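Here's my note for you, as someone coming to this one fresh. Have a look at the structure first, then go through the points with it open beside you.

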Amino acid sequence: MSALAAVAPVADSRERFLDVAWSIGARLCRDAIWDGDRCNWLGDSMEAHAGEWKVAHKSFGPDLYSGTSGIALFLAQLHRFRRDAVIAQTARGALRQALSRADEIPEAQRHALYGGWVGIALALLDAAHLLDDPALRREALLLVDAQRGHDLDPMSLDVIGGAAGAILGLSAIDARLGSDRHLDEARRFGDHLLAHAHRGEEGWSWTTMPPLAQEHKDLTGFSHGAAGIALALLELFGRTQDARFMEGALGGFAYERRHFSAEHQNWPDFRSFASPNPQQLGYSLAWCHGAPGIGLSRVRAFALTEDETYRREAESALGGTYRPLTVPSAADGYSLCHGLGGNAELFIVAADTFGDERLRAVADAIGDRGIQSVHLNRNPWPCGVVSGGETPNLMLGTAGIGYFYLRLYDSSAVPSVLLV
């Protein structure tokens, strides 16, 4: 982290970040397609076709990751800072659209944070407060309560679509309610994670994707790997004081520690396509896979435990993430899932947790790069759909980029959507 010593905090007004978010929000309102009191958008997405992933231009579902509830969440947060009737109306229209399509999510996936009802409920609950609309709160509670108790697929484990994300989402919802309303359900998901853990000499790991090769290793990383699952168990231990959940958390962190590369200041991405050379490990650099997301898990683990081991691992992740950020690339995207916006979130959360404004300056510099290269030139925002163009959604598109700029503007008021 010594390289960060050269980064000085930005002293000027942070209004420039809010201006970018406002510009993105205004465009989302302009581009919304209305049907009565509901609205949706068109944009690029990745769709499975004939055994391959293809870019498709389409409308969006209800989920938090890529659907209208995620877009609504950004607009509702934007309304917090610049109250505007059109912004609020569009946020409500996007949420009505999400509610009208929620039943299309299969029952087995409804507990998911980013892909299911728990995430939609969290967006509704936050929007109820931000838009001063108690009816949205009632819809949120109906939705999250309706997904209770369904059977869980053995591989429904990770943060994106599985039990770990459900734990984090339900805990966030309970925190907003000031209650333990959903604690028993969160505990059920924790038991599911413990039951399907692989416990070995390397630590604890989980098979979250179908193995593609005989020598397949369970994944590291936040979205689909051990970091996100271990953090969910640690959060659950904090609520229950059940030692089994702490044991699982420690095991998951140990698995990743076993595979850490000091040379790369990163953790290997064990997906078979992560490296161009089958004989070498690949090292991704994103919230979903690699140091940025793993670093977020360690910053949060330190905040929960004050264990210096997690701080040291967080500092390794910060170092491994920082070095590539100093070299701008034409291939840079700004999405939250696997772009600069998501990578910068590590520095925002670390700055808030460790009280080091040099870290915030790194995130500010990424934001300023986007202002200079995209916003001021009125260029399309580089999004996260590979080989695709702009898309409006939260985790891959402009709503998430706008959310990143709101986080730069005031991270104390706008909660992270990557570390729920």
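1. Start with glutamate 47: at 31% relative accessibility it counts as partly exposed, because buried would need a value under 20% and exposed one over 50%. Keep in mind as you read that this is a predicted model. Glutamate 47 sits in strand S3, which covers residues 43-49. Leaving aside residues up to four places away in sequence, glutamate 47 touches Glu52, Trp53, Lys54, Ala56 and Lys58. If you want a distance to check on screen, the C-alpha atoms of glutamate 47 and lysine 58 are 9.8 Å apart, and 11 residues separate the two along the chain.

2. Next, have a look at valine 385, in the loop between H13 and H14. Is valine 385 buried or exposed? With 2% relative accessibility, valine 385 counts as buried. What does valine 385 touch, not counting residues up to four places away in sequence? The list is Asp44, Ser45, Met46, Val55, Thr391 and Leu396. There's also histidine 338, which is 47 residues from valine 385 along the chain, with 9.6 Å between their C-alpha atoms.

3. Serine 387 belongs to the loop between H13 and H14 too. Here the relative accessibility is 74%, so serine 387 counts as exposed. Its backbone deserves a glance: serine 387 isn't a glycine, yet its phi is positive, at about 70°.

4. While you're on backbone angles, try two glutamines. Glutamine 265, in the loop between H9 and H10, has a positive phi of about 45° despite not being a glycine. Glutamine 241 comes after H8, and its phi is positive as well, near 60°.

5. Now for the helices on either side of that loop with valine 385. H13 and H14 (residues 398-409) pack with their axes 10 Å apart, at an angle of about 130°. That angle falls outside the ranges for roughly parallel, antiparallel or perpendicular, so H13 and H14 are oblique to each other. Their crossing is left-handed. On the H13 side, the contact is made by Ala363, Asp364, Ile366, Gly367, Gly370 and Ile371, and on the H14 side by Phe404, Tyr405 and Leu408. Sorted by class, this contact of H13 with H14 has 6 nonpolar, 2 polar and 1 charged residues.

6. Set that beside H8 (residues 226-240) and H10 (residues 291-305), whose axes are 9 Å apart at an angle of about 20°. Angles under 35 degrees count as roughly parallel, and that is therefore the label for H8 and H10. The crossing of H8 and H10 is left-handed. H8 brings Ala227, Leu231, Leu234 and Glu235 to the contact, while H10 brings Ile294, Ser297, Arg298, Arg300, Ala301, Leu304 and Thr305. By class, the contact of H8 with H10 has 6 nonpolar, 2 polar and 3 charged residues.

7. Stay with H8 a moment longer. How many of its 15 residues are buried? It's 13, so H8 is largely enclosed by the rest of the structure. The length of H8 checks out too: 15 residues at 1.5 Å each should span 21 Å, and the end C-alpha atoms are 21 Å apart.

8. H11 (residues 308-325) passes the length check as well: its 18 residues should span 26 Å at 1.5 Å a residue, and its end C-alpha atoms are 26 Å apart. Among the buried residues of H11 are Tyr310, Glu313, Leu318, Gly319, Gly320 and Tyr322. Which helices do the buried residues of H11 pack against? They pack against H9 (243-259), H10, H12 (340-354) and H13 (357-375).

9. For H3 (residues 85-101), the 17 residues reach 25 Å from first C-alpha to last, close to the 24 Å expected at 1.5 Å a residue. The buried residues of H3 include Ile87, Thr90, Gly93, Leu95 and Gln97. The buried residues of H3 pack against helices and strands alike, including H1 (15-31), S1 (33-35), S2 (38-40) and H2 (68-81).

10. Last one: glutamate 185, in helix H7 (residues 183-195). At 6% relative accessibility, glutamate 185 counts as buried. Not counting residues up to four places away in sequence, glutamate 185 touches Gln147, Arg148, Gly149 and Leu170.

Definitions and conventions. Residues numbered from 1 in each chain as written. Predicted model: local features only at pLDDT ≥ 70, side-chain atom pairs only at ≥ 80, totals over all residues. Heavy atoms only, no water. Axes fitted to C-alpha atoms, helices over the stretch in contact; angles between N-to-C directions. Helix = DSSP H or I, 4+ residues; strand = E, 2+ residues; numbered from the N terminus. Parallel < 35°, antiparallel > 145°, perpendicular 65-115°, else oblique. Left-handed = near helix turned anticlockwise from the far one by under 90°. Contact = heavy atoms within 4.5 Å. Nonpolar A, V, L, I, M, F, W, Y, C, P; charged D, E, K, R; others polar. Expected span 1.5 Å × (residues − 1). Buried < 20%, exposed > 50% of the residue type's maximum accessible area, 1.4 Å probe, protein only.
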